[in-house]
Amino acid sequence: MNPGLYFAIGRKAGDLLYKDYAQPQPLQIRYQSYDWSFDFSCQIEEVLPGLNTVFRVVVPDSSQAELQYLRDYVGFSAGIGLKANSAHGFDPIANISGVIGSTVVSLGADLGIDITTRTLNKFSAGLSLNSAFLIASMTLSDSCDSVKASVYHPLNPPTMTAIAAELKHRISRDATTLTFGAQHALLPYTLVKARMNTDGKVSAVLRQEIWQRFYVSIAGELDLRDNNSIPRIGLSMAIKH
């Protein structure tokens with residue numbers, strides 16, 4: 001009956017609409033016309049009853065160590081790490097998040113603290129409603145500047161067929177974007193995803209499992225509103241356990 005962790009709020013819709021697509025990390029290493037980054041994470045479960053540890057390194061962007069605690073009706077995580085800044089250095093940061101509720105309904109918040117300046121540099125809160133046929137969520141993020149609502153609807157779980165939609169409003173810019181997408185497994189080891197948003201961007205992903213737990217994804221994106229737009233193509237590889 002535990003509600004999970006804060007990052008799980010809206011995760012199903014977020015993974016369908018954004019995971020593996022050709023979008024860069026906040027900071028990348030550029031060589032000629034190529035950008036690259038490396039993301040490594042490791043989770044050790046049940047160090048103590050209900051307590052997990054997570055280590056993550058994103059080269060050259062950040063690194064973090066995190067403790068996660070899960071119990072009935074409560075999920076809590078706390079982490080500390082380093083994040084790259086615009087001056088090509090790193091700032092120490094701390095992150096705390098908590099969720100209360102159940103597997104049906106949950107409410108949570110996430111706080112990020114800049115240790116150097118001792119200021120709160122990130123705040124978000126979210127609500128999630130879960131059922132077998134629909135997962136819906138609403139979050140307030142970007143220091144209360146963004147409101148986002150998302151829904152995820154599985155159509156045929158054996159073939160991973162599902163649809164999702166996200167409505168995001170930026171208060172400071174008075175701008176609203178609607179994104180919708182779908183996914184389907186053509187073969188047991190081949191997943192295809194596509195999405196489109198009201199900003200005129202169309203994207204697609206082909207993910208193939210080459211060996212057991214080794215995945216290769218090819219993604220592309222095109223801006224239909226820009227006649228001079230050059231399609232973006234990305235390649236990613238992942239080993240998952």
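**Exercise 1.** Does E221 count as buried or exposed, and at what relative accessibility?

*Solution.* Before we start: this is a predicted model, where local features need pLDDT of at least 70 and side-chain atom pairs count only at pLDDT 80 or more, while totals for chains, interfaces and linings use all residues. Residues are numbered from 1 along each chain as its sequence is written, and side-chain values use heavy atoms, with hydrogens and water left out.

Step 1: grab the cut-offs. Buried means under 20% relative accessible area, exposed means over 50%, and partly exposed is in between (1.4 Å probe, protein chains only).

Step 2: look up the value. E221 has 13% relative accessibility, so it counts as buried.

**Exercise 2.** Find the salt-bridge partner of E221 and place both residues in the chain.

*Solution.* Step 1: a salt bridge needs a side-chain nitrogen of Lys or Arg within 4 Å of a carboxyl oxygen of Asp or Glu. R195 fits the bill, with its closest N and O atoms to E221 being 3.1 Å apart.

Step 2: place them. R195 sits in strand β14 (residues 190–197) and E221 in strand β16 (residues 214–223), so the pair ties together parts 26 residues apart in sequence. Strands here are DSSP runs (E, at least two residues) and helices are too (H or I, at least four), numbered from the N terminus.

Step 3: check the partner. R195 is buried as well, at 10% relative accessible area.

Step 4: widen the view. Salt bridges that share partners join R195, E221 and R232 into one network.

**Exercise 3.** Work through the salt bridges D110–K122 and K148–E166.

*Solution.* Step 1: begin with D110 and K122, whose side chains meet at 3.2 Å, N to O. D110 belongs to strand β8 (residues 105–114) and K122 to strand β9 (residues 119–130), so this bridge ties together parts twelve residues apart in sequence.

Step 2: check their cover. D110 is buried at 8%, whereas K122 is partly exposed at 36%.

Step 3: turn to K148 and E166, which meet at 3.9 Å, N to O. This pair links distant parts of the chain, with K148 in strand β11 (residues 146–156) and E166 in strand β12 (residues 161–170), 18 residues apart.

Step 4: check cover again. K148 is partly exposed at 29%, and E166 is buried at 6%.

**Exercise 4.** Count the salt bridges, helices and strands.

*Solution.* Step 1: a search of the whole structure turns up six salt bridges.

Step 2: the chain has one helix and 17 strands.
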